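Welcome! Please look over the sequence and the 3D view below, then work through the exercises at your own pace.

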Amino acid sequence: MARMKFICDTERCIECNGCVTACKNDNEVPWGVNRRRVVTVNDGIIGKEKSISVACMHCSDAPCMAVCPVDCFYRTDEGVVLHDKDICIGCGYCSFACPFGAPQFLSSGAFGVRSKMDKCTFCSGGPEANGSVAEFEKYGRNRLAEGKLPLCAEMCSTKALIGGDGDVISSIYEKRVSIREANGRYPSRDIFGWSTAYGPMDSPAPKPTPADKIPGAKS
């Protein structure tokens, strides 16, 4: 069984927000909620500006599932993380737990009254019958049931955002990286931000702090 995943290639993303528009339009996402958004770092700095399309990453060990007090989150056979809005109580724990800020409140009224949570569904609907009116009204279009991939990825003009079987999209990205490395753009070990997070590959490993130097720690 395929395990559905997203990958966004920051070398190709041009911050056009086509993925954001496609998602909102096709799923009729309410005002104030963006199931997908484009984040840009080092904005305006020539040579360092990078953009990435962000949504629910449908984690294999999803923190939203771990913190939900009513267990409204569940994982499909394709590895897509979904939630049941009939069970959701809108506590917001999942919003705080998610590192991508995927679950969001559907605010209503002049003072933004909280309601059920909303998030990216990988265009696979929800617990209601596939293609039903109730499913579309609560979760949007079920493109997976139609044999299609998420519209955000299909509408990406530069194919920066790709979605589908994790093994397939990983092989596509791996090929892109190898081509760039062959052209001398950057070494493959830096493609996933290793040097940014951990320093150069040849740097010595950090030494653990002795217990006697940590306040309150027991030796």
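**Exercise 1. Are Asp 9 and Arg 180 buried or exposed, and what joins their side chains?**

Step 1. Asp 9 and Arg 180 are both buried, where buried stands for under 20% relative accessible area, exposed for over 50%, and partly exposed for what lies in between (1.4 Å probe, protein chains only).

Before going on, a word on the model: it is predicted, so local features need pLDDT of at least 70 and side-chain atom pairs count only at pLDDT 80 or more, while totals for chains, interfaces and linings use all residues. Residues are numbered from 1 along each chain as its sequence is written, and side-chain values use heavy atoms, with hydrogens and water left out.

Step 2. A salt bridge joins the two side chains, at 2.5 Å from N to O. The term asks for a side-chain nitrogen of Lys or Arg within 4 Å of a carboxyl oxygen of Asp or Glu. Side chains of opposite charge can pair when their charged atoms come close.

Step 3. Now place the partners along the chain. Asp 9 sits in the loop between β1 and α1, Arg 180 belongs to helix α6 (residues 166-182), and 171 residues separate the pair. Helices (H or I, at least four residues) and strands (E, at least two) are DSSP runs, numbered from the N terminus.

**Exercise 2. Where do Asp 118 and Lys 85 lie, and how many salt bridges does the whole structure have?**

Step 1. The side chains of Asp 118 and Lys 85 meet in a salt bridge of 2.8 Å, N to O.

Step 2. Asp 118 is in strand β7 (residues 117-118), and Lys 85 is in the loop between β5 and α3 (93-97), 33 residues apart. Both residues are buried.

Step 3. Turn to Lys 148 and Glu 146, whose closest N and O atoms are 3.6 Å apart in another salt bridge. Here Lys 148 is partly exposed, at 35% relative accessible area, and Glu 146 is partly exposed too, at 41%.

Step 4. Lys 148 and Glu 146 belong to a salt-bridge network that also includes Asp 26 and Arg 141. A search of the whole structure finds eleven salt bridges.

**Exercise 3. Which residues does His 83 touch?**

Step 1. Find His 83 in strand β5 (residues 81-83). His 83 counts as buried because its relative accessibility is 3%.

Step 2. Contact means heavy atoms within 4.5 Å. Leaving out residues up to four places away in sequence, His 83 touches Cys 72, Phe 73, Tyr 74, Met 117, Asp 118, Lys 119, Pro 127 and Tyr 139.

Step 3. Look at Met 117 once more: its backbone oxygen lies 2.9 Å from a polar atom of the His 83 side chain.

**Exercise 4. Which residues have the most contacts inside the largest nonpolar core?**

Step 1. A nonpolar core is a set of buried Ala, Val, Leu, Ile, Met, Phe, Trp, Tyr and Cys residues joined through side-chain atoms within 4.5 Å.

Step 2. The largest one has 20 residues, and Phe 6, Cys 19 and Leu 161 have the most contacts inside it. The elements that give two or more residues to this core are β1 (4-8), α1 (18-27) and α5 (151-154), with β1 giving the most, three residues.

Step 3. Apart from this core lies another, of ten residues, among them Cys 68, Val 81, Cys 88 and Cys 94.

Step 4. Residues that Phe 6 touches include Arg 36, Cys 56, Cys 120, Leu 161 and Ile 169.

**Exercise 5. How many disulfides are there, and why does the sulfur of Cys 94 not form a bond with that of Cys 91?**

Step 1. A disulfide is a pair of cysteine sulfur atoms within 2.5 Å, and by this rule the count is zero.

Step 2. The sulfur of Cys 94 has its closest cysteine sulfur in Cys 91, and no bond forms because the distance of 6.2 Å is too far. Likewise, the sulfur of Cys 98 is 6.3 Å from its closest cysteine sulfur, in Cys 56, which is too far for a bond.

Step 3. Check the surroundings as well: Cys 94 is buried at 5% relative accessible area, and Cys 98 is buried at 14%.

**Exercise 6. How many helices and strands does the protein have, and is Trp 31 buried or exposed?**

Step 1. Count seven helices and eight strands. Of the 219 residues, 37% are buried.

Step 2. Trp 31 lies in the loop between α1 and β2 (37-41). Trp 31 counts as exposed, at 83% relative accessibility.

Note on methods
A polar contact is a pair of N or O atoms within 3.5 Å; within protein, one must be able to donate a hydrogen and the other to accept it, and residues adjacent in sequence count only if both atoms are side-chain atoms.
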